[in-house]
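Subject: Structure handover

Hello,

Here is the structure you will be working with. Please open it alongside this message, as the notes below refer to it throughout.

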Amino acid sequence: MRPTPPPRTYRVKSFGCQMNVYDGERMAELLAAQGIAPAADGEHADLVVLNTCHIREKAAEKVYSDIGRLVKDGEKAGKAPLIAVAGCVAQAEGEEIMARAPGVSMVVGPQAYHRLPQMLDAAVQGHRATDTDMPAIAKFDALPARRRIGPSAFLTVQEGCDKFCTYCVVPYTRGAEISRPYSDLVREAEKLVDAGAREITLLGQNVNAWTGTDEKGRAIGLDGLIRSLAELPGLVRIRYTTSHPSDVTDGLIAAHGEVEKLMPFLHLPVQSGSDRVLRAMNRSHTADQYLRLLERFRAARSDIALSGDFIVGFPGESDAEFEETLRLVDAVGYSQCFSFKYSPRPGTPAATMDGQIAPEVMDERLQRLQAALNRDQLAFNAASVGKRCPVLVERKGKKPGQWLGKSPWLQSVWFEGDYAIGDMVDVELVEAGPNSLAARPLTLEALPA
Ligand code: 5AD
Ligand code: SF4
């Protein structure tokens, strides 16, 4: 590669999970701290970071088409951008990317992106660089301070996963479970609140495996961290995602009943309703254990909204086993869910299992599952009509005077009036759609005495 002038503008494009969104924000802060400015929407950027996701096939293939497009547009405009590939595809396929995509000058894994400035120096000199080391804690220490952010912020508290579900690449791309230290998290949460956050979502691949030591030297879990953060005066709402059923503690369930700032929402993936499939997935729980766990959350917080992830067409999944998934869905009554067709990931045990399912069977199962999940989501929203709740305003709607935000149950809610981003507005939910609800703001007079 030839030396190029140092980039003046950057763009970070994040794909996949919320942890990637968080990493993308931190990379942007890192580049901004180097004096590089964010490129305006639709404008050329001198440096493009593709922050990739490897969880399913389509996500990984998209990276190569994005690289191709960036190179072609760059050639046409006579100013090719420097391209960095970050995220989980970078971690899993770094060498392949370097070989297959000569337009890429940097490949940096999710645990090494704090070294992006040094890699950028090398790239400017014309040297391609790959860094897929995993010194996770060093990364957080090396990142610059948080800058101004919106009312709802992410905070990564835990990374990596030791669960080794047989279909999943995360334990390979993100590495072993690590918890960030308690004091670092309290400090970062304080900074987020100072920078404008009113809601913080605690993130981790397996967030409820977080452990730490509080200021009094006591060993605490995620519930202890939530209780501490709830003491921050400017913070109004706390959420967390994603959890694993095996790491749910009594304390976490109790926190849902006791900590007012902890929102009544739980994302607890189950993947399948069949015990045989769950065993083959190495999920370490049965369908019944999962259902009983949900009952305990409901006992602690009766209005808790439930969410999950599902995979259809795992190798060997029979029609009858798929029906068990539909029955589990019926039994739970989810407020929202994510569902996916199984995608064989290279290097995972399930990729070489017998009984890979035909694509048309997967399509049909996914359609049936999603029809059931959509039905339940609409039913949940419809049952919310008439409820009164606070909504945190996150952005403007399409029409002037329209605002969009989230209910405590993570539903998208819109309403009209004279408000601003970051306001907490008391509303009555008046009309339900499948993906959002319309609301009527309650004026002070309208509130019950
Ligand atoms: N194929 C399809 N879905 C997957 N997920 C993880 N790995 C795969 C895979 N190989 C889904 C799971 C997980 C979510 C983040 O992505 O449902 O909970
Ligand atoms: Fe992947 Fe399973 Fe870990 Fe979730 S718990 S990240 S699905 S291995």
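What follows is a short account of what was found, taken region by region. Please keep in mind that this is a predicted model.

The annotated domain

The UniProt record, an unreviewed entry, carries the annotation "domain: MTTase N-terminal" for residues 8-125. Over that stretch the chain is 51% helix and 20% strand. The C-alpha atoms at its two ends are 15 Å apart.

The cysteines and ligand 2

Under "binding site", UniProt (again an unreviewed entry) lists C161, C165 and C168. These three cysteines also appear among the residues around ligand 2. The others in that shell are K163, F164, Y167, V170, P171, H244 and R283. By type, the shell divides into 7 nonpolar residues, 1 polar and 2 charged.

C161 sits in the loop that links β8 (158-159) and α6 (170-173), and C168 lies in the loop between β8 and α6 as well. Are they buried or exposed? C161 counts as buried because its relative accessibility is 11%, under the 20% cut-off. C168 has a relative accessibility of 14%, so C168 is also classed as buried.

Leaving aside neighbours within four places in sequence, C161 is in contact with V170, P171, G175, A176, E177, Q205 and N206. Of these, V170 and P171 are also listed around ligand 2. With sequence neighbours within four places again left out, C168 is in contact with I55 and T348.

The sheet

An open sheet is formed by 3 strands in the order β7-β10-β13, with parallel pairing. β7 (152-156) and β13 (237-241) are the edge strands, each paired on one side only. From one strand to the next, the twist averages 25 degrees.

β7 is joined to β10 (residues 199-203) by 5 bridges, and the two strands run parallel. Within this pair, L155 stands opposite L202 in β10.

The helices around it

Helix α7 (residues 182-194) lies across β7 and β10 and runs at about 165 degrees to β7.

Helix α8 (residues 222-229) is mostly covered, with 6 of its 8 residues buried. Those buried are L222, D223, G224, L225, I226 and L229. What do they pack against? The buried residues of α8 pack against two helices, α7 and α9 (250-258), and against the strands β10, β12 (219-221) and β13. Of these partners, β10 and β13 belong to the open sheet, while α7 is the helix lying across β7 and β10.

Regards

Technical notes:
Residues numbered from 1 in each chain as written. Chains lettered and ligands numbered in written order. Predicted model: local features only at pLDDT ≥ 70, side-chain atom pairs only at ≥ 80, totals over all residues. Heavy atoms only, no water. Pairing = 2+ DSSP bridges. Helix = DSSP H or I, 4+ residues; strand = E, 2+ residues; numbered from the N terminus. Axes fitted to C-alpha atoms, helices over the stretch in contact; angles between N-to-C directions. Contact = heavy atoms within 4.5 Å. UniProt positions renumbered as here; feature names shortened; annotations may be inferred. Near = heavy atom within 4 Å. Nonpolar A, V, L, I, M, F, W, Y, C, P; charged D, E, K, R; others polar. Buried < 20%, exposed > 50% of the residue type's maximum accessible area, 1.4 Å probe, protein only.
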